[in-house]
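Hi,

Here is the structure I promised to pass on. Have a look first, and my notes follow underneath.

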Amino acid sequence: MKSLEELKAIREKMQGQVGLRSEDSDNIRVVVGMATCGIASGARPVLTTLVDEVQKRNLSNVSVTQTGCIGLCQYEPIVEVMEPGKDKITYIKMTPEKAVEVLDQHLVRGQIVEKYTLNSEKL
């Protein structure tokens, strides 16, 4: 990195890769828990898969971000989907393969994948 312009270019590229978009009332937010417990459980490949798939499919209404501790360590990796006007859906024990299925079924087709939700777990 040799200049401020180069730094700005890197920042813009990374923001696009992480899916940071302005808050939009029609935007679907996908949040991946990336605290120590989430990372240790495999959240990083889940996050990477979601970001890559959103970009590959050009889903401009979906932003993928990360957060710290969600508070449910035994269910990590956790992915939360927040759609305007709807209840938050919490997906648990995610893998990159499950993330692709959730993206395809829930984010593209609008059908919640119940078998991966917190509600499906016998608490």
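From the N terminus on, the order of elements in the protein chain is α-β-α-α-β-β-β-α, which makes four helices and four strands. Bear in mind as you read that this is a predicted model.

Some overall numbers to start with. The protein chain has 123 residues, and 38% of them count as buried. Its accessible surface is about 7,400 Å², with 50% of that belonging to carbon and sulfur atoms. If you take the contacts between residues at least 6 apart in sequence, 64% of them join residues at least 24 apart.

Now the helix pair I spent some time on. Two packed helices are described by the angle between their axes and the distance between the axes. For helix α3 (residues 43-56) and helix α4 (residues 96-108), the axes come within 8 Å and cross at roughly 35 degrees. The crossing of α3 past α4 is right-handed. On the α3 side the residues involved are Pro 45, Val 46, Thr 49, Leu 50, Glu 53 and Val 54, and they meet Pro 96, Ala 99, Val 100 and Leu 103 of α4. Sorted by class, that contact comprises eight nonpolar residues, one polar and one charged.

Val 54 deserves a line of its own. This residue lies in helix α3 and has a relative accessibility of 4%, so it counts as buried, the cut-off being under 20%. Between Val 54 and Val 108 there are 9.9 Å in space, C-alpha to C-alpha, while in sequence they are 54 residues apart.

Next, the cysteines. How many disulfides does a search of the whole structure find? The search comes back with zero. Cys 37 is in no disulfide, and its nearest cysteine sulfur, that of Cys 73, is 3.4 Å away. Cys 69 is in no disulfide either, with the sulfur of Cys 73 again the nearest, at 4.7 Å. A disulfide needs the two sulfur atoms within 2.5 Å, which is why neither distance qualifies. Is Cys 69 buried or exposed? Cys 69 is exposed, because its relative accessible area of 54% is over the 50% cut-off.

The loop between β2 (62-67) and β3 (79-82) is where you will find Gln 74. Gln 74 has a relative accessible area of 55% and is therefore exposed. Its C-alpha atom is 8.5 Å from that of Cys 37, although the two residues are 37 apart along the chain. Pro 77 also lies in the loop between β2 and β3, and the peptide bond joining Glu 76 and Pro 77 is cis, with omega about -10 degrees.

That brings me to the backbone. Most residues other than glycine have a negative phi, and most peptide bonds are trans. Besides the cis bond between Glu 76 and Pro 77, have a look at two residues with positive phi. Asn 58, which is not a glycine, has a phi of about 55 degrees. Asn 58 lies in the loop between α3 and β2 and is exposed, with a relative accessible area of 63%. Lys 93, not a glycine either, has a phi of about 50 degrees. The loop between β4 (89-91) and α4 is the place of Lys 93, and with a relative accessible area of 35% it is partly exposed.

Cheers

How values were computed. Residues are numbered from 1 along each chain as its sequence is written. This is a predicted model: local features need pLDDT of at least 70, side-chain atom pairs count only at pLDDT 80 or more; totals for chains, interfaces and linings use all residues. Side-chain values use heavy atoms; hydrogens and water are left out. Buried means under 20% relative accessible area, exposed over 50%, partly exposed in between (1.4 Å probe, protein chains only). Helices (H or I, at least four residues) and strands (E, at least two) are DSSP runs, numbered from the N terminus. Contact means heavy atoms within 4.5 Å. Accessible areas come from the Shrake-Rupley method with a 1.4 Å probe; for residues, only the protein chains shown count as cover. Axes are lines fitted to C-alpha atoms, for helices over the stretch in contact, and angles run from 0 to 180 degrees between N-to-C directions. A crossing is left-handed if the near helix is turned anticlockwise from the far one by less than a right angle, and right-handed if clockwise. Ala, Val, Leu, Ile, Met, Phe, Trp, Tyr, Cys and Pro count as nonpolar, Asp, Glu, Lys and Arg as charged, and the others, Gly among them, as polar.
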